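Here is a short walk through one protein model. Keep the sequence and the 3D view side by side as you read.

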Amino acid sequence: MKIALDTDKCMGHARCHAMTPAAFDLDDEGYAVVTPAAATTSEDDLQNAAASCPEQAITVTPS
Ligand code: SF4
């Protein structure tokens, strides 16, 4: 499974962090950062976080 975060699209809504805080942290300016724990997060949770992003900045590709 691959998780891609397009930092050009991310507008810092933090919905991904609210939905799946272990997998998505926020930097000092409030933009999303994929954490190492994302690798062990369930695909369903990651897909839900991706679906919650209004900018479609998160892409989860099943392995
Ligand atoms: S929900 Fe989308 S736009 Fe908002 S912080 Fe997360 S990745 Fe960025």
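Where is the place of aspartate 28? This is a predicted model, and in it aspartate 28 sits in the loop between strand 2 (24–26) and strand 3 (32–34). Its relative accessible area is 85%, so aspartate 28 counts as exposed. Look at the charges around that loop next. Asp25, Asp27, Asp28 and Glu29 form a negative surface patch.

Now move to the strand pairing. Strand 1 (residues 2–5) and strand 4 run antiparallel, joined by 4 bridges. Pick out alanine 4: its bridge partner in strand 4 is threonine 59.

Stay on strand 4 and follow its side chains. In a regular strand, side chains alternate between the two faces of the sheet. Strand 4 (residues 58–61) shows this alternation. Ile58 and Val60 point to one face and are buried. Thr59 and Thr61 point to the other face and are not buried. Threonine 59, the bridge partner of alanine 4, thus belongs to the pair that is not buried.

Turn last to the backbone. Two loop residues other than glycine have a positive phi. One is alanine 14, with phi near 70°. Alanine 14 lies in the loop between strand 1 and helix 1 (15–19). It is partly exposed, because its relative accessible area is 23%. The other is glutamine 56, with phi near 50°. Glutamine 56 lies in the loop between helix 2 (43–52) and strand 4. Its relative accessible area is 61%, so glutamine 56 is exposed.

Key
Residues are numbered from 1 along each chain as its sequence is written. This is a predicted model: local features need pLDDT of at least 70, side-chain atom pairs count only at pLDDT 80 or more; totals for chains, interfaces and linings use all residues. Side-chain values use heavy atoms; hydrogens and water are left out. Patches are made of residues with over 30% relative accessible area and no salt bridge: like charges are joined within 9 Å, nonpolar side chains (Val, Leu, Ile, Met, Phe, Trp, Tyr) within 5 Å. Accessible areas come from the Shrake-Rupley method with a 1.4 Å probe; for residues, only the protein chains shown count as cover. A salt bridge is a side-chain nitrogen of Lys or Arg within 4 Å of a carboxyl oxygen of Asp or Glu. Lys and Arg count as positive and Asp and Glu as negative; His and the chain ends are not counted. The place of a charge is taken as NZ of Lys, CZ of Arg, CG of Asp or CD of Glu. Helices (H or I, at least four residues) and strands (E, at least two) are DSSP runs, numbered from the N terminus. Buried means under 20% relative accessible area, exposed over 50%, partly exposed in between (1.4 Å probe, protein chains only). Two strands pair if DSSP finds at least two bridges between them.
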